[in-house]
Amino acid sequence: MSLDELIKNCKKGNRQAQEQLYRKYSPVLFAICLKYSRNKIEAEDNLHDSFMVIFDKIDQFKSKGSFEGWLKRITVNTVLQKYRKEEYMTVVTDSTESETEIDSGYADISLNTLLGYIQDLPHKYRLTFNLYVLDGHTHKEIGEMLGTSAGTSKSNLARARQILKDRIETTQNKAIIGLLLFFILEI
């Protein structure tokens with residue numbers, strides 16, 4: 001079944017077409033949900049909520065532009081709207097601290113470790129970090145999306161970067177101490 005036929009059948013409420021659409025796009029949309037969620041279970045809930053909105057609003061897709069892009073936009077908006085409603089978004093400060101630079105000496109950290117650190121960030125910092133660094137939004141756009149100011153977005157990004165830098169340094173220091181202890185105990 002072509003994508004146009006699949007969309008048309010989903011608009012008619014055809015359950016088999018909806019299942020096929022889910023199977024086709026759930027991996028991509030789950031990755032987005034995981035990026036903005038605290039854990040896998042929350043990401044699964046967000047994916048479910050996103051597909052509920054997608055199936056409810058599929059009539060609004062007018063075949064202009066990318067269907068996958070439309071799905072991704074709905075998914076991000078659904079997740080962000082959920083967190084705004086649950087009042088996870090509290091203003092920390094409006095300070096515009098200088099951005100923390102992460103030393104290029106940290107390039108040896110694994111991607112999975114770094115993604116784990118990002119996922120462990122406090123919620124408002126993780127959302128801001130993902131929207132700015134991974135999705136390329138401006139601080140003004142992030143402020144509008146999260147119901148805060150651009151200054152708060154900048155502050156939250158700076159704090160997220162500092163937390164990540166501290167976690168990376170702590171991990172590397174523990175590894176160095178572990179190696180030193182290994183060599184000391186061997187002597």
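**Exercise 1. Find how many salt bridges this predicted model holds, then work out what the one between Asp 135 and Lys 35 ties together.**

Step 1. Start with the count: the structure, which is a predicted model, holds six salt bridges.

Step 2. Zoom in on Asp 135 and Lys 35. Their closest N and O atoms sit 2.5 Å apart, and the cut-off for a salt bridge is 4 Å, so the pair qualifies.

Step 3. Now place the two partners. Asp 135 is in the loop between helix H6 (123-134) and helix H7 (139-146), while Lys 35 belongs to helix H2 (residues 15-36), so the bridge ties together parts that are 100 residues apart in sequence.

Step 4. Check how open the two are. Asp 135 has 30% relative accessibility and counts as partly exposed. Lys 35, at 23%, counts as partly exposed too.

**Exercise 2. Take the salt bridge between Arg 38 and Glu 42 and decide whether each partner is buried, partly exposed or exposed.**

Step 1. Look at the distance: the closest N and O atoms of Arg 38 and Glu 42 are 2.6 Å apart.

Step 2. Recall the cut-offs: under 20% relative accessible area is buried, over 50% is exposed, and anything in between is partly exposed.

Step 3. Apply them. Arg 38 comes out at 29%, so we call Arg 38 partly exposed. Glu 42 comes out at 11%, so Glu 42 is buried.

**Exercise 3. Do the same for Asp 120 and Arg 167, and say which helices they connect.**

Step 1. The side chains of Asp 120 and Arg 167 meet in a salt bridge, with 3.6 Å from N to O.

Step 2. Asp 120 lies in helix H5 (residues 111-120) and Arg 167 in helix H8 (residues 150-186), so parts that are 47 residues apart in sequence get tied together.

Step 3. For openness, Asp 120 is exposed, at 53% relative accessible area. Arg 167 is partly exposed, at 34%.

**Exercise 4. Describe the overall build of the protein chain.**

Step 1. Count the elements: there are eight helices and zero strands. Reading along the sequence gives the pattern α-α-α-α-α-α-α-α.

Step 2. Ask how much is tucked away. Of the 187 residues, 35% count as buried.

Step 3. Turn to the surface. The accessible surface comes to about 11200 Å², and 53% of it belongs to carbon and sulfur atoms.

Step 4. Finish with the contacts. Take those between residues at least 6 apart in sequence: 72% of them join residues at least 24 apart.

**Exercise 5. Check the length of helix H4, then find what caps and covers it.**

Step 1. H4 (residues 67-85) has 19 residues. At 1.5 Å a residue, the helix should span 27 Å, and its end C-alpha atoms are 27 Å apart, which agrees.

Step 2. At the N-terminal end, Ser 66 acts as the cap: one of its side-chain oxygens lies 3.3 Å from the backbone nitrogen of Glu 68.

Step 3. Pick out buried residues of H4. Among them are Phe 67, Trp 70, Leu 71, Ile 74 and Leu 80.

Step 4. See where the cover comes from. It includes helix H1 (3-11), H2, helix H3 (40-57), H6 and H7.

**Exercise 6. Find how many disulfides there are, and whether Cys 10 and Cys 33 are buried or exposed.**

Step 1. The disulfide count is zero.

Step 2. Cys 10 has a relative accessible area of 2%, so Cys 10 is buried. Cys 33, at 0%, counts as buried as well.

Methods
Residues are numbered from 1 along each chain as its sequence is written. This is a predicted model: local features need pLDDT of at least 70, side-chain atom pairs count only at pLDDT 80 or more; totals for chains, interfaces and linings use all residues. Side-chain values use heavy atoms; hydrogens and water are left out. Helices (H or I, at least four residues) and strands (E, at least two) are DSSP runs, numbered from the N terminus. Buried means under 20% relative accessible area, exposed over 50%, partly exposed in between (1.4 Å probe, protein chains only). Contact means heavy atoms within 4.5 Å. Accessible areas come from the Shrake-Rupley method with a 1.4 Å probe; for residues, only the protein chains shown count as cover. The expected span of a helix is 1.5 Å times one less than its number of residues. A polar contact is a pair of N or O atoms within 3.5 Å; within protein, one must be able to donate a hydrogen and the other to accept it, and residues adjacent in sequence count only if both atoms are side-chain atoms. A disulfide is a pair of cysteine sulfur atoms within 2.5 Å.
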